[in-house]
Amino acid sequence: MSLRRTIRNTLPELQDRAREMRAVPTSAEAILWEELRSRRLSGLKFRRQHPVNAYILDFWCPACKLAIELDGSIHDTPEAQEYDAIRQQHLESFGYTVLRFRNEEVLQDMPAVLQQILAVVRPAAPTDNRQ
């Protein structure tokens, strides 16, 4: 029997919180979700406000082990930056790649954001024959 290393174990309270967050996305989250949902980006399946262990990921692509985080001004404090760094290190220790974008980037330059995401996912992306 092999043990699978996973960080998916989440508490029901965190799953409830993620559900609440999906119901009221930020403007940047809503706009990026329109680009990622329904396999619109390279045929990849993304989830939003997805709980993983003690964290809720803004966007997550299981096939690529990619977490996408959108940062607003609340992430500018030293405490938030320290928390984000620890969180990112924890996720990376399980093989996740974490991409961070400022809300302003999503709102003002979506093509550049999508290009950066594609640069990371292309090596791991499944082939999409749909047009």
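**A chat about a predicted fold**

Reader: Let's start in the strands. Which residue in S4 is the bridge partner of Leu 70?

Author: Keep in mind that this is a predicted model. Strand S3 covers residues 66-71 and strand S4 covers residues 97-102, and they pair in the parallel sense over six bridges. Leu 70 falls within the range of S3, and its bridge partner in S4 is Phe 101.

Reader: OK, and what sort of unit do S3, helix H3 and S4 make?

Author: Start with the pairing: S3 and S4 run in the parallel sense. Helix H3 spans residues 78-93, and together with S3 and S4 this helix makes a right-handed β-α-β unit.

Reader: Let me stay in S3 for a second. Is Asp 71 buried or exposed?

Author: Asp 71 is found in strand S3. The cut-off for buried is a relative accessible area under 20%. Asp 71 has 8%, so this residue counts as buried.

Reader: Which residues is Asp 71 in contact with, leaving aside its neighbours within four places in sequence?

Author: S4, the strand paired with S3, runs over residues 97-102, so to speak a good place to start looking. With the neighbours within four places left out, the contacts of Asp 71 are Arg 100, Phe 101, Arg 102 and Asn 103.

Reader: Now the other strands. How many bridges join S2 to S3?

Author: One pair in this meeting of strands is Trp 60, whose bridge partner in S3 is Ala 67. The hairpin of S2 and S3 has four residues between the strands, and Lys 65 takes a positive phi near 50° there. S2 and S3 run antiparallel, and the number of bridges joining them is three.

Reader: And on the S1 side, which residue in S2 does Pro 51 stand opposite?

Author: S1 and S2 also form a pair, in the antiparallel sense, over five bridges. Within S2, the residue opposite Pro 51 is Ile 56.

Reader: Which residue takes a positive phi in the hairpin of S1 and S2?

Author: This hairpin has two residues between the strands. The phi we're after is near 55°, and the residue that takes it is Asn 53.

Reader: How many residues of S2 are buried?

Author: S2 pairs with S1 over five bridges and is joined to S3 by three. The strand is mostly covered, and of its seven residues the buried ones number seven.

Reader: Let's hop over to the loop between H2 and S1. Is Arg 39 buried or partly exposed?

Author: Arg 39 lies in the loop between helix H2 (27-36) and strand S1 (47-52). Its phi is positive, about 60°, although Arg 39 is not a glycine. Buried would need under 20% relative accessible area, and exposed would need over 50%. Arg 39 has 40% relative accessibility, so this residue counts as partly exposed.

Reader: What is the relative accessibility of Ser 42?

Author: Ser 42 is found in the loop between H2 and S1 too. Its phi is positive as well, near 55°, and Ser 42 is a residue other than glycine. Ser 42 counts as partly exposed because its relative accessibility is 28%.

Reader: What about empty space? How much of it lies in the largest pocket?

Author: The lining of this pocket has 23 residues, and those nearest its centre are Met 21, Glu 29, Asp 58, Glu 69 and His 75. Helix H1 (12-23), strand S2 (55-61), S3 and H3 each supply at least two residues of the lining. By class, the lining divides into ten nonpolar, five polar and eight charged residues. The space in the largest pocket is about 550 Å³.

Reader: And which elements give two or more residues to the lining of the largest cavity?

Author: About 40 Å³ of space lies in the largest cavity. Its lining includes Met 21, Trp 33, Arg 48 and Asp 58. The elements that give two or more residues to this lining are H1, H2, S1 and S2.

Reader: Last one, for the big picture. What pattern does the chain follow along the sequence?

Author: The chain has five helices and four strands. Of its 131 residues, 38% count as buried. Read along the sequence, the pattern is α-α-β-β-β-α-β-α-α.

Definitions and conventions: Residues are numbered from 1 along each chain as its sequence is written. This is a predicted model: local features need pLDDT of at least 70, side-chain atom pairs count only at pLDDT 80 or more; totals for chains, interfaces and linings use all residues. Side-chain values use heavy atoms; hydrogens and water are left out. Two strands pair if DSSP finds at least two bridges between them. A crossover is right-handed if, with the strands pointing away from the viewer, the path from the first strand over the helix to the second runs clockwise. Buried means under 20% relative accessible area, exposed over 50%, partly exposed in between (1.4 Å probe, protein chains only). On a 1 Å grid over the protein atoms alone, a cavity is a set of points where a 1.4 Å probe fits but cannot get out, and a pocket is an open set with protein on both sides within 12 Å along at least five of seven lines; lining residues have an atom within 4 Å of a point. Grid points are joined across faces, edges and corners, and a volume is the space filled by probe spheres set on the points. Ala, Val, Leu, Ile, Met, Phe, Trp, Tyr, Cys and Pro count as nonpolar, Asp, Glu, Lys and Arg as charged, and the others, Gly among them, as polar. Contact means heavy atoms within 4.5 Å.
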